[in-house]
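Biologist: I'd like to learn how to read a fold by eye. Could you walk me through one, feature by feature?
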Amino acid sequence: MKFASLGCILACSLLFGGTQDSEFNVNSRYTVEAVVVSGDGWRADMATDRDHKVSSSLRKEMCALIGEKLNPTSLDDLAHRLRKEFHARTVEHRVLRGKSPDYVQVVFDVQLRPTRFDVSVPKFLYNSDQGWTGAIEGTATVNHNGFTLGLVSDGDELVERYTGIAARYENTDIGSDKVRFRFVFETYHEQWNRTTTAALPSGETSDDLSGLYRTRQNFEPEFTFQVAKPLSLSVGTSFQRFQELDPVAHTDVANALTTALRYHRRVEGEDSQQDVDAGYNLRAATRLIGSDFAYSRHRWQFRYMLTRGKSVVLDEATGGIITGRAPLFERFVLGNSTTLRGWNKYDLDPLGGNRMVHNSVEYRYGVFQAFYDSGAIWDRTDAAVLRHSVGVGLRQGIFSLAVAFPLKEGRIDPVFVMGMNY
Amino acid sequence: MAGLAIPLLRLQADEGLTVSFDGDNLHFSAPGLHFLTGKPLTRLKDADTVTFLSQITLFSDNQGTIFRRGLPERLVVSYDLWEERFKVTIPGASRSRSNLTAVEAEAWAIENLAISALGLAPDRPFWMRFELRAASPKEMSRVMGDSGISLSGLVEILSRKPGVDDPYWMRSAGPLRLSDLPRTVARRGRIG
């Protein structure tokens, strides 16, 4: 009986209880002085701190509360959205007295789940020339430790199609949240396109080229240091071993020191937002750490994005150079789902190149996108040939559908690319 | 179910309700009942609005036979951060009072609750029960999840026994007779 009546009261509370009723809250006559979001060991004033933990759109909405009368109903909505954005266990809000009489401060407390498990699809796409590519992974997070196990079959990124397992351990707080550690283990089985095997006949290698391989394993520990707010530095090593196919099956090792310098800066104006990303990656393999190969792979990347209302303008420039003899997985590729879209990478260079430049300009308006790609891929001994492509498509969040046309003489061969997170 | 109700009624009878009659409705006070305490008070001091759901039930015997059950009434309470005083609103009765201390707010809220005495014979004995529950915003958010109504959340809440974390109060009185009750002036129009 007691529980029956409690159930009745609860049902009514769900129907009528509501959450915050502004008209009933006596504090709705006070003015909001500040809005603060705090979490485990961090705190950000939305008006003064340019903290990137909270998305710019949500931060703008929270800043809009400042100077207005307190609206408790809107706090519930913002707390709900923060909870979704942080995948938090709870987001609770408190209102405190402000520094001046009749002013109040709003504080959102974000409580993350100490242990959580997520399944995600980091990459999934279909290219009408090159087929399917997909990856799925599960991540268990315990405090600052993340354990990830995933399956991948990628025919897009490299000359080869690699299929196998990728496992990762990440610690995002080695004594400080400015130091991170990551250990990656990958084991793949390779498939080669006929054009690639034809371009590199059995047993034939050169000063720049290695042979084909059947399987490949990689062990890669890496530390990342947040040098300054927009700048991070990663250092690590990569221990790769792979079983070459010809002339006789044997295992080769390509051990390299790795370094990456990344810069990210966001500048927000009244009605626009600019994002600048720049990066430099170096992989240096040397016999000093037991490598059968000695080479250096340098890659530069610059990306600029301007967002104004529904319009987005994006420019991304990439360049790379390899010196020495590197395995095929290190060689650069153009003509996939992100570079020289519309071109077939096997037509451009079935073995990849050790020199590469590429630029992509993209304009988006709402879900509509149009792009222009240009680039060249070549080997040290060859001359560079600049190629271009254009395309249009639809993009909504992480999902994209595009048709791309390589600009070349003769017939037009459109290529369809659809997928997510690429 | 009725068997369960008897000991509950007897158990709570000592804490009691002081019942009065205004000619149409039954009113009561609950001395010693303090609901602006604990978690609801913490939420109020965070400037949250706390909604309490009250329900009054009349029984025609001490076996738990319901004579009348009033519609749940909302008591909406907020706490002024700068004045440090409470405001209580009873939307169903269109009544509101502010600038109250905690004790004043509790007393005013309960004084303004009532149930119709229509159909009660003056000499017929009856029993009364008053229940009060704080509606938790977490319960709301658990049930109203990101992807719509969460059935597991609803089941979890309904199957949970009220405990320390679930602010719930109950007071009972009886047997009572209308003819024995002290008369008061009408504070609300006729209910029901």
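Biologist: Let's start with strands: in which sense do strand S1 and strand S4 of chain A pair, and over how many bridges?

Modeller: One thing up front: this is a predicted model. To read a pair, follow the direction of each strand. Here S1(A), residues 31–39, and S4(A), residues 103–111, run in the parallel sense, and seven bridges join them. A handy landmark is Val35(A), which sits opposite Val106(A) in S4(A).

Biologist: In what order do the strands of that sheet come?

Modeller: Walk across the sheet from one side to the other. The order is S2-S1-S4-S3 in chain A, four strands in an open sheet with mixed pairing. Neighbouring strands are turned against each other by 20° on average, ignoring direction.

Biologist: Which strands stand at the edges, and why is one side of each left without a neighbour?

Modeller: Look for strands with a single partner. Those are S2(A), residues 42–45, and S3(A), residues 90–97; each has just one partner strand, so one of its sides has no neighbour in the sheet.

Biologist: How do S3(A) and S4(A) pair?

Modeller: In the antiparallel sense, over eight bridges. Leu96(A) faces Gln105(A) of S4(A) across that pairing. The two strands make a hairpin with five residues between them, and Asp102(A) in the turn has a positive phi of about 70°.

Biologist: And where do the side chains of a strand point?

Modeller: As a general idea, in a regular strand they alternate between the two faces of the sheet.

Biologist: Which helix packs on this sheet?

Modeller: Check which strands a helix touches. Helix H3(A), residues 72–86, packs here and touches S1, S3 and S4 of chain A, with its direction at about 140° to that of S3(A). H3(A) has 15 residues and reaches 21 Å from first C-alpha to last, close to the 21 Å expected at 1.5 Å a residue.

Biologist: Which residues of H3(A) are buried?

Modeller: Pro72(A), Leu75(A), Ala79(A) and Leu82(A). Now look down the helix axis: those buried residues fall within an arc of 65°, so they line one face of H3(A). Their cover includes S1, S3 and S4 of chain A, along with helix H2(A), residues 56–63. Just after H3(A) comes His87(A), with a positive phi near 50°.

Biologist: What is the usual sign of phi?

Modeller: Most residues other than glycine have a negative phi, and most peptide bonds are trans. So exceptions are what you scan for. In chain B, Ala47(B) has a positive phi near 70° without being a glycine, and Glu84(B) has one of about 55°.

Biologist: Where do those two lie?

Modeller: Both are in loops. Ala47(B) is between helix H2(B), residues 38–45, and strand S3(B), residues 50–59. Glu84(B) is between strand S5(B), residues 73–79, and strand S6(B), residues 86–90.

Biologist: Is Ala47(B) buried or exposed? And Glu84(B), buried or exposed?

Modeller: Count the C-beta atoms around each: 20 or more within 10 Å is buried, 12 or fewer is exposed. Ala47(B) has 27 others within 10 Å, so it is buried. Glu84(B) has 10, so it is exposed.

Biologist: Which peptide bond here is cis?

Modeller: The one from Gly174(B) to Pro175(B), with omega near -5°. Pro175(B) belongs to strand S12(B), residues 168–176.

Biologist: On to cores. Which residues touch the most other members of the largest nonpolar core?

Modeller: Look for the best-connected residues. In this core of 59 residues, they are Val104(A), Leu26(B), Phe52(B), Val77(B), Met128(B) and Phe130(B). Strand S9(B), residues 126–135, gives the most to the core, with seven residues. Another core, of 11 residues, lies apart from it and includes Phe329(A) and Trp343(A).

Biologist: What does Phe130(B) touch?

Modeller: Leaving out residues up to four places away in sequence, Phe130(B) touches Leu17(B), Phe28(B), Ala30(B), Ser54(B), Ile56(B), Met170(B) and Arg171(B).

Biologist: Leu26(B) came up in that core; what stands opposite Leu26(B)?

Modeller: Phe21(B) does, with Leu26(B) in S2(B). S1(B) and S2(B), residues 25–29, pair in the antiparallel sense over four bridges. They belong to an open antiparallel sheet of three strands, ordered S1-S2-S8 in chain B.

How values were computed. Residues numbered from 1 in each chain as written. Chains lettered and ligands numbered in written order. Predicted model: local features only at pLDDT ≥ 70, side-chain atom pairs only at ≥ 80, totals over all residues. Pairing = 2+ DSSP bridges. Core = buried A, V, L, I, M, F, W, Y, C linked by C-beta atoms within 7 Å. Contact = placed C-beta atoms within 7 Å. Axes fitted to C-alpha atoms, helices over the stretch in contact; angles between N-to-C directions. Expected span 1.5 Å × (residues − 1). Arc of directions from axis to C-beta.
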